[in-house]
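Me: I am new to this structure and would like a quick tour. Please show it first, then take my questions.

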Amino acid sequence: MSFLRRKTAGEAVFDAVNNVMMLIICFLTLYPIWYVLVHSFNDGADAMQGGIFWVPRVFSLDNYRAVFASSGIMTAMGVTVAKTLIGTVVHVFFTAMVAYAYSRKELIGRRFYMIVGTITLFFGGGLIPTYLLIRDLGLLDSFWVYIIPAMFSFFDLIIFVSFFRELPDALEEAAKMDGANDFKIFHSIVLPCSMPVVATIALFHGVYQWNDYFTGMIYINDTNLQPIQTFLYRVVAQSSSNQMMAAVPGLAAQTVTSQSIKLATMVVTTLPIVLAYPFLQKYFVKGLMIGSIKG
């Protein structure tokens with residue numbers, strides 16, 4: 001009994017230490033986000049004096065007024081929303097459709113296709129060949145450069161295939177007996193039964209589309225087609241208030257600095273994804289469990 005009591009005390013100590021470590025990890029993870037949020041709501045000139053850690057010392061909305069005073073950021077936000085919504089829907093549907101074909105046992109050469117697709121996960125053509133391909137396809141300075149090259153991902157296909165193989169064969173057999181073709185089965189039966197993995201891939205690709213700045217920086221010269229993340233990249237790349245004044249008109253130099261504009265822009269670009277995540281969390285957790293439990 002004494003041994004059991006000592007073991008129980010040891011477990012209690014371990015649990016206490018584990019809880020403290022988890023709190024420390026949560027703090028180290030969340031505090032940088034809180035730091036950015038606090039400084040974005042603080043007067044820019046006052047923030048340059050330092051010493052702000054928990055709450056704004058001089059509360060101000062001038063940073064956000066300056067951000068939204070620029071017509072460029074609103075145009076960039078519209079491009080980002082459009083490419084995120086359209087790109088995610090097209091990517092999920094196209095990748096799921098190809099994955100459904102891969103999951104069929106009667107597909108001839110399925111193993112060969114899987115090997116070829118897996119090779120593409122480790123080897124790519126590089127930036128220059130990709131740029132030349134995009135140019136030859138006529139996608140430079142085109143909105144579709146955000147959509148067409150990102151329509152398919154073999155990594156996402158593997159996740160879809162793993163889920164589709166777990167669906168009962170009786171569903172498809174019953175549908176075929178009713179005269180449904182393969183596309184009808186995929187559209188009306190397979191996709192509605194696959195909402196966990198669909199939501200997971202949609203979240204993955206939606207976050208990618210929202211955060212992607214590289215595509216707009218490399219393939220887009222038209223400022224009206226550049227996404228918000230490319231706009232943010234240019235804001236962060238500017239080092240002086242004079243450059244910021246030229247990039248974002250209407251700034252109040254007495255209360256707004258380049259650093260405060262950067263932080264406010266980060267909050268504006270991050271907030272929509274943070275707000276959308278709770279609505280997809282339950283599907284996201286289910287999707288991550290795909291293939292982890294057997295039997």
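Me: How much space lies in the second largest pocket?

Reply: This is a predicted model, where local features need pLDDT of at least 70, side-chain atom pairs count only at pLDDT 80 or more, and totals for chains, interfaces and linings use all residues. Residues are numbered from 1 along each chain as its sequence is written, and side-chain values use heavy atoms, with hydrogens and water left out. On a 1 Å grid over the protein atoms alone, a pocket is an open set of points where a 1.4 Å probe fits, with protein on both sides within 12 Å along at least five of seven lines; lining residues have an atom within 4 Å of a point. Volume is the space filled by probe spheres set on the points, and for the second largest pocket it comes to about 380 Å³.

Me: Which residues lie closest to the centre of the second largest pocket?

Reply: The lining of this pocket has 18 residues. By class they are 15 nonpolar, three polar and no charged (Ala, Val, Leu, Ile, Met, Phe, Trp, Tyr, Cys and Pro count as nonpolar, Asp, Glu, Lys and Arg as charged, the others, Gly among them, as polar). The closest to the centre are T84, L85, T88, A202 and G206.

Me: Which element supplies the largest share of the lining of the second largest pocket?

Reply: Helices here are DSSP runs (H or I, at least four residues), numbered from the N terminus. α4 (71-102), α10 and α14 (258-288) each supply at least two residues. The largest share, seven residues, comes from α4.

Me: Which element gives the most to the lining of the largest pocket?

Reply: The largest pocket holds about 710 Å³ of space. Elements giving two or more residues to its lining are α5 (110-122), α6 (127-136), α7 (154-164), α10 (195-211) and α11 (214-219). With four residues, the most comes from α6.

Me: Which residues lie nearest the centre of the largest pocket?

Reply: Its lining divides into 16 nonpolar, eight polar and one charged residue. There are 25 lining residues, and nearest the centre are T130, P149, A150, F152 and Y208.

Me: Is V207 buried, partly exposed or exposed?

Reply: V207 is found in helix α10. Buried means under 20% relative accessible area, exposed over 50%, and partly exposed in between (1.4 Å probe, protein chains only). At 27%, V207 is partly exposed.

Me: How far apart in space are V207 and Y277?

Reply: In sequence, V207 and Y277 are 70 residues apart. In space, C-alpha to C-alpha, the distance is 9.7 Å.
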